[in-house]
Amino acid sequence: MPLTEPYDDHLPEEEPVAAVHDAGESPHDAAVDVGGARAGADGPTAPEPEPVLPEPVRQRIVALTAAVLPGLPADEVPVPLRRVAKFAPNRRARLGAPAIAAQLTADPLFRQRIAARVLADAGDLGAAVVAGTAPAAADPVEVAALAYLTRPRGWRELIEASGAAVRAEAESAVVAELVREAEQRAARAEHDRAVARVEAEKLRDELARVREELGQLREEARQLTRTLREAQARERKATELLSTERGRAARATADADAELRRVRARLAEAESTAGMARATAKEARSVDDARLWLLLETIGQAAVGLRRELALDPVEKLPADFVADAFADQSAATPAGAAARARDTDDPARLDQLLALPKAHLVVDGYNVTKRGFGEMSLEQQRKRLISGLGGIAAQTGDEITVVFDGAERIHGLPPTPRGVRVLFSRKGETADELIRRLVRAEPPGRTVVVVSSDREVADGVRRHGAYPLGADSLLRRLSRS
C-alpha cells in the first residue's frame, strides 16, 4: 500500500526516513520498501522476492535482532517471538533463529522497529548505510545486515556486494589453504628426501658392515674347519686309547670280582661274630634293666616315705589358680633358682619333648597364636578353635594348660572349657603379657613351664624366670597334627 508519510506519530524511532529527509529528498518523492513492495508517486508495484542472503549475513541479522529484541516493549514484540525474547542471550540467537528470520520477512513494521534500535547502536556506520553508501573499510557482512534491516535505496546491491565479498573471502581462504597445503606437501617432500638420503647413508653403512662381518665369518669358518680336522684326529687317538683302557678295565673287573668273593666270605664271618656279640649284649642289658628297675623302685618308695613323713595331702589348687584369683595384685618376685630352669630354644620339636616331662605346665599367649595361625576368623571363632585344640593336647598328655587372652572382663558366650584347660582374661589395667609373667613367677622351682608366644618381649621375660619360651608356630604345627 502506498505510504505518503513513511512513519506516523506512533513510530518515533523511524530513523531511516529522517536520514532521507536530511539528504534533501521529500518522503513523497522517495520510494520506500515495505514488505518487499515499492511505493512511489506513480502507485504501488508488484513486490519483489526476498534476496538470497549469504549465510554470514543471515547469521548477523539474526544476532542483531536477538540482541535488541528484549529491549522492545512487550506490545511491539510479535506473538511468535515473545517466548524467544525471554531466552538467555546465548540461546536466543541459536534457538530462535528460524522464528526471527520468518518474522523479519513477514512483518515490515517489526523489521523497522528492529532497524531503528540497531541503527541507534551502529552509529556512523548505520547513518552511512541509510544514506545508501558504505565505507570501504567497513565489514561487508555488517553493512549487508544493516542494509537488510533498514532497506535504503540500493540495499539489494549492498547485500549482493556483501555476498560477493564473502565469497571472495571464502575463495581467498580456499586459495590460502591450497597454498598452505602445497607448502606443507613441499616441506614434507623435502623432509622425505632428506630422510631418504639419511636412510640411504645408513643402508650403505650397513652394507659395508655386513660385508665386513661376512669376511670375518669366512675367516672363522676356515678356522673352524681346521679345528674340526684337529678334533677328528684327536678323536681317532682317543678311540685307540679307549680300546686299550677297555682291555685294562676287563682285567680289573675280573680282579674286583675275585676280591668281592673274598670280602663276602669275611662278611659272613663278621655277621656270625656280631650275632654272638648281640646275644652277649642282651644278657648284659637284662642285668642293667634289673638294676635300673631296682633303683627306680627304691626312689619311688623313698618318695612315698617322704610324702608320708611331711604329711603332704593332695592339693586342690595349682599355682596358676592362685595367680588368677587371690594373687592378682601381688608384686612380682623372682623365685630363687628360677633362672636355672631357663632354656633358649625355638625348635618346634621341643614342644612334644617338654610336654612329655612330668607335671609340665603349658601357658599359651592366646591372641598371639590365633592371629598368627587363623587371623582371618573372628575373635570368637579364634578363641573357640584354640581352646578346642588345647583340650585335645590336654587329653593326650595329661598336662596342665593355661591360655591367656587380653580383656578387662570375662567375655560371655565362651565354649565349655575342656578338661585340663584353664582360660584366663587379663584384668583392667593389665595386659596378657603381664599375666603370663605372673603365672610363670608363681610356679615352684624345678617344675617344667612352657610358654608359647612369638612376642620377643614375653619370651625374654619368662626366660629370666626359668620358663621355656617357644614360638607360636610350634604349637600351630602341633595342633595341625591333632
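Leucine 470 has its place in strand β7, which covers residues 468-470, and this is where a walk through the predicted model can begin. Because the relative accessibility of leucine 470 is 1%, it counts as buried. Its C-alpha atom is separated by 7.5 Å from that of leucine 351, although the two residues are 119 positions apart along the chain. Such pairing of distant positions can be set beside a figure for the whole chain: among contacts with a separation of 6 or more, 63% are made by residues 24 or more positions apart. The chain has 482 residues, of which 31% count as buried, and its secondary structure comes to 16 helices and seven strands.

From β7 the path leads to helix α12, in which glycine 366 is found. Glycine 366 has a relative accessible area of 0% and is therefore buried. Leaving aside residues up to four places away in sequence, glycine 366 touches Leu386, Val403, Val404 and Phe405. The C-alpha atoms of glycine 366 and valine 423 are separated by 9.3 Å, with their positions 57 residues apart along the chain.

Helix α12 also meets another helix. Two packed helices are described by the angle between their axes and the distance between the axes. For α12 (residues 366-374) and α16 (residues 472-481), the axes come within 10 Å and cross at roughly 65°. Since angles of 65 to 115 degrees count as roughly perpendicular, α12 and α16 are therefore described as roughly perpendicular to each other, and their crossing is right-handed. On the α12 side the contact involves Asn368, Val369, Arg372, Gly373 and Phe374, which meet Ala472, Asp473, Leu475 and Leu476 of α16. Sorted by class, the residues in this contact are five nonpolar, two polar and two charged.

The nonpolar interior can be followed next. The largest nonpolar core has 34 residues, and within it Leu69, Ile114 and Leu149 touch the most other members. Helices α2 (55-68), α5 (97-106), α6 (108-122), α8 (140-150) and α9 (155-310) each supply at least two residues of this core, with α8 giving the most, namely eight residues. Leucine 69, when residues up to four places away in sequence are not counted, touches Val77, Leu81, Val84, Ala85, Arg92 and Phe110. A second, separate core of 27 residues includes Leu355, Tyr367, Ala394 and Tyr468.

Helix α8 deserves its own look. It is mostly covered, with 10 of its 11 residues buried, and those buried residues include Val141, Glu142, Val143 and Thr150. Just after α8 comes arginine 151, in the loop between α8 and α9.

Two loop residues invite a comparison of backbone and exposure. Most residues other than glycine have a negative phi. Arginine 151, however, has a phi near 55°, a positive value in a residue other than glycine, and lysine 359 likewise has a positive phi of about 55° although it is not a glycine. Lysine 359 lies in the loop between α11 (350-355) and β3 (361-365). Is each of these residues buried or exposed? Arginine 151 counts as buried because its relative accessibility is 6%, whereas lysine 359, at 67% relative accessibility, counts as exposed.

Definitions and conventions. Residues are numbered from 1 along each chain as its sequence is written. This is a predicted model: local features need pLDDT of at least 70, side-chain atom pairs count only at pLDDT 80 or more; totals for chains, interfaces and linings use all residues. Side-chain values use heavy atoms; hydrogens and water are left out. Axes are lines fitted to C-alpha atoms, for helices over the stretch in contact, and angles run from 0 to 180 degrees between N-to-C directions. Helices (H or I, at least four residues) and strands (E, at least two) are DSSP runs, numbered from the N terminus. Angles under 35 degrees count as roughly parallel, over 145 as roughly antiparallel, 65 to 115 as roughly perpendicular and the rest as oblique. A crossing is left-handed if the near helix is turned anticlockwise from the far one by less than a right angle, and right-handed if clockwise. Contact means heavy atoms within 4.5 Å. Ala, Val, Leu, Ile, Met, Phe, Trp, Tyr, Cys and Pro count as nonpolar, Asp, Glu, Lys and Arg as charged, and the others, Gly among them, as polar. A nonpolar core is a set of buried Ala, Val, Leu, Ile, Met, Phe, Trp, Tyr and Cys residues joined through side-chain atoms within 4.5 Å. Buried means under 20% relative accessible area, exposed over 50%, partly exposed in between (1.4 Å probe, protein chains only).
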